[in-house]
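Trainee: Please take a close look at the charged side chains in this model. I would like to know how they pair, and then what sits around them.

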Amino acid sequence: MNVSIGQIMQSNFPTWHWHIESSSICSLRCPRCPRAEIPDTLVQTSLGLDFFKKNFNPQFLQDVWQISFCGDDGDPIYGKEFIEVVEYLKTTKPNLSLRIVTNGSHRNEVWWKKLSINLNQYDEIHFSLDGWNQSSNEQYRVNSDWDSIETAVQTVRENSKVIMTWAAIAFKFNQYDIMTMKDLAVKWGFDIFQLTNSTKFGSKYSNYNIDGVDKLEPTAQYIAKGHRFSRQIINLTNRKLLDNGKNLINTELYTNVNRDSDIIPLCKIGNKGLYISSDGYFYPCCWMANRYNHTRWQEFRKPQYNLNIRTIDDILGDDMWNNFFNNLTNYDECKNKCCSSNFNKGHATSW
């Protein structure tokens with residue numbers, strides 16, 4: 001791949017990676033998901049094939065190397081025409097890298113086979129599994145279905161070379177059974193075991209405490225130290241994602257980004273991806289789109305940011321972004337997540 005950095009930059013935004021919440025619909029009721037914590041502003045919808053054909057046409061896709069389907073509110077597998085969207089993207093650009101993050105529940109074998117045959121070794125599926133059977137997994141993944149999860153994993157493994165990751169969050173109920181999950185991941189044919197240390201516990205946010213105790217909080221070693229989660233990644237097989245050049249782009253942007261500031265925005269590097277909500281609104285990143293009161297997410301819910309109304313080129317080329325980048329200190333998420341004290345290669349090149 002021979003791509004100049006100038007090709008993938010528009011108004012300081014790198015267009016090589018997009019984080020798209022293709023669906024804000026979900027069958028689960030995880031207690032610390034925004035859909036459970038702030039249901040009043042939840043919009044349940046999804047982006048269909050026409051949206052992707054309009055905004056991610058073959059010409060635009062030439063400079064796109066990663067699309068991450070992961071929701072702030074929902075799960076991509078419940079969106080309308082998701083298989084058709086994947087088929088369109090992979091047919092148009094076979095070496096495009098897709099990342100699909102899902103709980104894996106409530107879809108049947110036929111559905112997973114149709115999805116799997118469209119994926120290859122440039123792609124990855126992250127199954128979000130915090131337990132090792134139905135009773136343990138549903139302690140956080142409420143309304144998950146272990147039998148359909150196992151069907152999903154087996155069907156994907158049998159029909160595709162896609163890289164599979166078992167993505168667990170450390171909680172009090174599973175911290176002593178991490179090896180049990182890892183061993184099951186090996187048995188089921190996963191390529192990677194990923195353990196996330198979260199920040200969403202009572203020792204950091206007192207609203208999670210009931211009578212002074214957070215029943216989900218693990219011991220301190222499994223809680224992220226800063227304002228962003230931390231992760232441990234263990235390779236279970238020798239199978240790797242095929243390299244389409246996206247890592248080189250990410251590293252070059254990290255190397256060349258201006259560090260002479262208290263805030264070094266990751267949206268100028270791209271490892272988090274430029275974010276599109278399930279109803280078509282553009283945000284610099286998913287953190288800006290979180291519907292919590294401490295963010296300013298509603299500022300972006302205007303027609304000028306909506307990709308159902310304007311094109312990507314129009315939105316990214318708007319002069320408004322000069323003002324945005326000149327006033328990053330007005331945004332708590334930028335100050336917390338992208339402060340220069342956090343900045344290092346791992347921070348700027350990991351998902």
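**Charged pairs and their surroundings**

Mentor: Asp318 and Arg310 form a salt bridge through their side chains, with 3.1 Å from N to O. The model is a predicted one, and that applies to this distance and to those that follow. Both partners are partly exposed: Asp318 has a relative accessible area of 22%, and Arg310 is at 21% relative accessibility. Elsewhere, Arg157, Asp191 and Arg239 are joined into one network by salt bridges that share partners.

In total the structure contains 13 salt bridges. One of them is between Glu37 and Lys200, whose closest N and O atoms are 3.2 Å apart. Glu37 belongs to helix 1 (residues 34-37), while Lys200 is in the loop between strand 8 (192-197) and strand 9, so this pair ties together parts that are 163 residues apart in sequence. Glu37 is partly exposed at 24% relative accessibility, and Lys200 is partly exposed with a relative accessible area of 23%. Glu299 and Arg296 also meet in a salt bridge through their side chains, at 2.4 Å from N to O. Glu299, at 26% relative accessibility, counts as partly exposed; Arg296, at 35%, counts as partly exposed too.

Lys272 is a case without a partner. What is the nearest side chain of opposite charge to Lys272, and how far away is it? That side chain is Asp72, at 7.8 Å, and Lys272 is buried with no salt bridge. A salt bridge needs the side-chain nitrogen and the carboxyl oxygen within 4 Å. Lys272 sits in the loop between helix 9 (246-256) and strand 10 (274-276). The Lys272 side chain does reach a backbone atom: the oxygen of Trp351, at 3.5 Å. Setting aside residues up to four places away in sequence, Lys272 touches His17, His19, Arg228, Phe229, Leu266, Cys286, Trp287 and Trp351.

Asn244 is a buried polar residue to set beside Lys272: the relative accessible area of Asn244 is 4%. Asn244 is located in the loop between strand 9 (230-235) and helix 9. A polar atom of the Asn244 side chain lies 2.8 Å from the backbone oxygen of Asn95. The backbone nitrogen of Lys246 is 3.0 Å from a polar atom of that Asn244 side chain.

The nonpolar surroundings come next. The largest nonpolar core has 99 residues, and the members that touch the most others are Trp18, Phe56 and Trp166. Helix 4 (residues 82-92) supplies the largest share of this core, namely six residues. With residues up to four places away in sequence left out, Phe56 touches Trp18, Ile20, Phe51, Leu61, Ile67, Tyr88, Leu89, Ile276 and Ile312.

Phe282 is another buried aromatic residue, with 2% relative accessibility, and is placed in strand 11 (residues 282-283). Beyond its neighbours within four places in sequence, Phe282 is in contact with Phe13, Trp18, Leu274, Tyr275, Phe300, Tyr305, Ile315, Leu316 and Trp321. Trp18 is thus among the contacts of Phe282 and also among those of Phe56. Phe282 and Arg301 are 19 residues apart along the chain, and their C-alpha atoms are separated by 8.4 Å.

That leaves the cysteines. How many disulfides are there? The count is zero. Cys33 is in no disulfide, and the nearest cysteine sulfur, that of Cys30, is 6.2 Å away. Cys33 is buried, at 14% relative accessibility. For Cys339, the closest cysteine sulfur is in Cys338 at 8.1 Å, which is too far for a bond. Cys339 is buried as well, with a relative accessible area of 17%.

To return to the request, the pair between Glu37 and Lys200 is the one described above as tying together parts 163 residues apart in sequence. Lys272, by contrast, is buried and has no salt bridge, although its side chain reaches the backbone oxygen of Trp351.

Note on methods
Residues are numbered from 1 along each chain as its sequence is written. This is a predicted model: local features need pLDDT of at least 70, side-chain atom pairs count only at pLDDT 80 or more; totals for chains, interfaces and linings use all residues. Side-chain values use heavy atoms; hydrogens and water are left out. Helices (H or I, at least four residues) and strands (E, at least two) are DSSP runs, numbered from the N terminus. Buried means under 20% relative accessible area, exposed over 50%, partly exposed in between (1.4 Å probe, protein chains only). Lys and Arg count as positive and Asp and Glu as negative; His and the chain ends are not counted. A polar contact is a pair of N or O atoms within 3.5 Å; within protein, one must be able to donate a hydrogen and the other to accept it, and residues adjacent in sequence count only if both atoms are side-chain atoms. Contact means heavy atoms within 4.5 Å. A disulfide is a pair of cysteine sulfur atoms within 2.5 Å. A nonpolar core is a set of buried Ala, Val, Leu, Ile, Met, Phe, Trp, Tyr and Cys residues joined through side-chain atoms within 4.5 Å.
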